[in-house]
Amino acid sequence: MTESHVAVSATGLLADFNRAGALTWADVHPAQQLGHLFGEKDQRVQLALALTVRALRSGSICVELDRIRELDLGEEEVTIPDDWWPDQPGWEAALQASPAVTVGDGPAGESPLRLVDGALYLERHFADQESVRRALLARLGSAPHTGEPEGQDAAVDLALTSPVTVIAGGPGVGKTYTIRRIIDRLRAEHPDALVALAAPTGKAAARMTESLGDGSLTALTLHALLGKRPGSMTRFRHHADNPLPHDVVVVDEMSMVSMVMMSRLLEALKPSARLVMVGDPDQLSSVDAGSVLADITRAPAAAGIVARLVRNYRFTGAIADLATAIRTGDADAALAVLTGPDPSVRLAGVAEGATSLRERVVASGGRVFEAAAAGRPDGALAALDAHRLLCGHRRGPFGVAHWTRQVQSWLVEGVPGYSVDGEFHAGRPVMVTANRPEFGLYNGDTGVVLVDEDRPQAWFAPGGVPKSFSPFLLDGLTSVHAMTVHKAQGSQFDDVSVVLPPPGSPLLTRELLYTAVSRARSSVLLLGDPEAVAEAVANPARRMSRLAQRLR
């Protein structure tokens, strides 16, 4: 833990958990402040408050007290001695008696915490979850009872008849084609219907627009659709008293939508509007708190509005078999595919697999550099997307920073003429880390640097058309020799190499492995141990939310 994470004023349990790395100053300080404001001196309550804040930063909406030891505490494995944890019945009793806690369902009070059915929330996040629950239940009440729909035809029919529809499926099952069919049907049967297309990020919205192709509809980010207000990321111009005018709203990449954004979207829909949610519930969830799409698809009450697309049109064979084994939690089947005869999927230890990885990155990086040095931006961009190295961690020996340095070293050694002299050298792969909608560029977009008469230009392909930009106008450009699996969501590459987190890492989950593998069209190289693969497949993400249970 870095010095900036140390809470020097913490005492008792807060200090113990802070020193162990389970809590940082950002978790401890709110617990101390709220404890002071509400006169709460019980260390157990203060610890629960700090852990609830920590849970939100890890993507959970609440802390389930009977699963609190499973809480995701960050990239590194954290060990808490058993005798540090308060006795659960006594802990829950202390929370029930605390002036800082509202117990049970009911209207919001002044207390910052809410305890409901053994789950502890910050009050405003409980309110967001309840807003989503009530809005979905209202729409489910008038949804058609069609059993459990499957396939594109059923998905299209459901979207045109139900007030709320989920179209769920992995890469290559035709989700975008199904959206296009829905739009075509709407135009034919309801020509006056006002349709909105949206996605959670600028990159996803741009890809949605590009994929649908005809240019008649432009997808917006959810923030843009709802109408951003200056100075606020969670309050918008459109809400219950000023709803969106649209008759149908289609949201793609729903797995990346957080609970708070789902709440604001549902609040902003007029009662007669239809909502169509499209995404892969088995992928990694949103960066912010919540696992909305996964929660809805798991809720028995929502079974009739979830249309599943299962036939894959993009890849078959070993990659499809591996992705299916991971998604269904079958570790033996996943390892059988990885150790089988098909060379398109391979598993190797990090040390022994480094030779194969070096060959892949030098070959792909060499093609990028060759095209960049020859002044062919289209060729450089195509070569960049042919292979991608993905990591679960950002830091440490399994992280993006380490492998970026390693790849740079391999390229300097293995590609004639390649040099990293200068910040913007020819062939440098770069990624945008801040939205620049005026240029059509969004966080996560990747490009390549070309040098023309000693003047560097960063080339990207917004809308599929290569364009050059001065790199000095694009704040926050970073090298993309490697990227996190999270950043790769929504992207596809011919060949993918993945550095798995080590066994015991909190990031080693089924969703991370499935997301990484399903980015590939042609081949996958996993660097890690069989134990890491088995642990990932057996370990679904531990985000805590009660939306699925409360949708009844």
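Which helices do the buried residues of H1 pack against? Before I answer, please keep in mind that the model I am showing you this morning is a predicted one.

Let me start with helix H1 itself, which covers residues 12-19. Six of its eight residues are buried, so helix H1 is largely enclosed by the rest of the structure. The buried residues, if you would like to find them in the view, are Leu 13, Leu 14, Ala 15, Asp 16, Phe 17 and Asn 18. To come back to my opening question, these buried residues pack against helix H2, residues 25-37, and helix H3, residues 43-57. After H1 comes Gly 21, whose phi is positive, near 90°.

I would now like to move along the chain to another pair of helices. In general, two packed helices are described by the angle between their axes and the distance between the axes. For helix H12, residues 317-327, and helix H13, residues 331-338, that angle is about 160° and the axes lie 8 Å apart. An angle over 145° counts as roughly antiparallel, and H12 and H13 are therefore roughly antiparallel to each other. Their crossing is left-handed. On the H12 side, the contact is made by Ala 318, Asp 321, Leu 322, Ala 325 and Ile 326, while H13 contributes Ala 333, Ala 334, Val 337 and Leu 338. Sorted by character, the residues of this contact comprise eight nonpolar, no polar and one charged.

Finally, a word on cysteines. The structure holds zero disulfides. Cys 62 counts as buried because its relative accessibility is 1%, and Cys 391, at 0% relative accessibility, counts as buried too.

Key:
Residues are numbered from 1 along each chain as its sequence is written. This is a predicted model: local features need pLDDT of at least 70, side-chain atom pairs count only at pLDDT 80 or more; totals for chains, interfaces and linings use all residues. Side-chain values use heavy atoms; hydrogens and water are left out. Axes are lines fitted to C-alpha atoms, for helices over the stretch in contact, and angles run from 0 to 180 degrees between N-to-C directions. Helices (H or I, at least four residues) and strands (E, at least two) are DSSP runs, numbered from the N terminus. Angles under 35 degrees count as roughly parallel, over 145 as roughly antiparallel, 65 to 115 as roughly perpendicular and the rest as oblique. A crossing is left-handed if the near helix is turned anticlockwise from the far one by less than a right angle, and right-handed if clockwise. Contact means heavy atoms within 4.5 Å. Ala, Val, Leu, Ile, Met, Phe, Trp, Tyr, Cys and Pro count as nonpolar, Asp, Glu, Lys and Arg as charged, and the others, Gly among them, as polar. A disulfide is a pair of cysteine sulfur atoms within 2.5 Å. Buried means under 20% relative accessible area, exposed over 50%, partly exposed in between (1.4 Å probe, protein chains only).
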